[in-house]
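Hi everyone, thanks for making time this morning. I'd like to walk you through one model, so please have a look at it on the screen before I start talking.

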Amino acid sequence: MDTLTAIRERRSVKRYDPDFVMPQEDIDKLLELAVLSPTSFNIQNWRIVAVTDAEQKQKIRAASWNQAQVSEASLTLLLCADLNAWDNEPERYWREAPEQVRDMLVPMIRQFYSPNKTLQHDEAIRSVGIMGQTIMLAAKAMGYDSCPMIGFDPVKVGEIIKLPKDHVIGMMIPVGKALEPARPRSGQLSLDEVVVRNSF
Ligand SMILES: Cc1cc2nc3c(=O)[nH]c(=O)nc-3n(C[C@H](O)[C@H](O)[C@H](O)COP(=O)(O)O)c2cc1C
């Protein structure tokens, strides 16, 4: 499936075949594609909790307004981020770059993020958002469906997945084999309303 088709055909699917088990090689492939998503200064601040264990999925479902897709989808991903990735040995993010580039960029990472907690949090959510779309499009191209979700209690889900204190959960994405298609699109805004030409 080409990229444009994947973009057009990706929908938020709510019902999945609970008996389908996603092969490990597909899970690996999806995660390998996910981490090709771009991040600011290449800080790769996302951390992905890949949940396949039925009991763990049930617990997360209970903390997600009992939404069926959380446990029925074969794979439920919690896209988290390390809020301190910018400060966690940032040399590694540029270790294969030419020395001159590394020497210039690595100090800039701390200068850019260290004074600004809001920016650190925004960067976490930005990175997770971009990765989320990578995952959903890759899943579609691989013959799966998905559903981005924020309908869960982040404190409870954080406890279930043992989220470290300096991490946040940005989004949940169940991925699996659809049992039912998504409902027709519910009300797309026109380009005229959404696109602003040159300035507001
Ligand atoms: C950040 C985010 C959170 C969402 N949370 C939920 C959710 O908790 N449960 C759900 O069923 N759908 C959720 N959705 C799906 C949206 O309702 C859906 O993306 C929107 O209606 C557009 O439909 P489409 O994704 O099929 O194009 C969420 C979508 C996004 C982007």
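Let me begin with a question: how many Å lie between a polar side-chain atom of Gln-69 and an oxygen atom of the ligand? The separation is 3.4 Å. Please keep in mind that this is a predicted model, and that goes for every value I mention.

Gln-69 has company. Ser-12 places a polar side-chain atom 2.6 Å from an oxygen atom of the ligand, and for Arg-11 the corresponding separation, again to a ligand oxygen, is 2.7 Å. As for coverage, the ligand on its own has 620 Å² of accessible area, and the protein covers 63% of that.

Who else is around the ligand? Here is the full set: Arg-10, Arg-11, Ser-12 and Lys-14, then Gln-67 and Gln-69, then the run Cys-147, Pro-148, Met-149, Ile-150 and Gly-151, and finally Arg-185. Sorted by class, this shell holds four nonpolar, four polar and four charged residues.

Now let's step back to the whole chain. We have eight helices and four strands. Reading from the N terminus, the order is α-α-β-α-α-β-α-α-β-α-β-α. Along the principal axes, the C-alpha atoms fill a box of roughly 50 × 45 × 30 Å. The chain has 200 residues, and 40% of them are buried. Its accessible surface is about 11800 Å², with 53% of that belonging to carbon and sulfur atoms.

How are the contacts spread along the sequence? Taking contacts with a separation of 6 or more, 78% are between residues 24 or more positions apart.

That brings me to the interior. The largest nonpolar core contains 23 residues, and Leu-30, Leu-79, Ile-135 and Val-175 have the most contacts inside it. Which elements give two or more residues to this core? They are helix H2 (24-34), strand S2 (75-82), helix H6 (117-141) and strand S4 (167-176). H6 provides the largest share, with seven residues.

Leu-79 is a nice one to click on. Setting aside neighbours within four places in sequence, its contacts include Arg-47 and Ile-48, then Val-128, Met-131, Gly-132 and Ile-135, and also Val-168, Ile-169, Gly-170, Met-171 and Ile-173.

There is also a second, separate core, this one of 16 residues, and among them are Val-13, Cys-80, Phe-152 and Met-172.

That's my tour, and I'm happy to rotate the model for anyone who wants another look.

Terms used: Residues numbered from 1 in each chain as written. Predicted model: local features only at pLDDT ≥ 70, side-chain atom pairs only at ≥ 80, totals over all residues. Heavy atoms only, no water. Near = heavy atom within 4 Å. Polar contact = N/O pair within 3.5 Å; in protein donor to acceptor, adjacent residues only side chain to side chain. Areas by Shrake-Rupley, 256 points an atom, 1.4 Å probe, with all protein chains shown as cover. Nonpolar A, V, L, I, M, F, W, Y, C, P; charged D, E, K, R; others polar. Buried < 20%, exposed > 50% of the residue type's maximum accessible area, 1.4 Å probe, protein only. Contact = heavy atoms within 4.5 Å. Core = buried A, V, L, I, M, F, W, Y, C linked by side-chain atoms within 4.5 Å.
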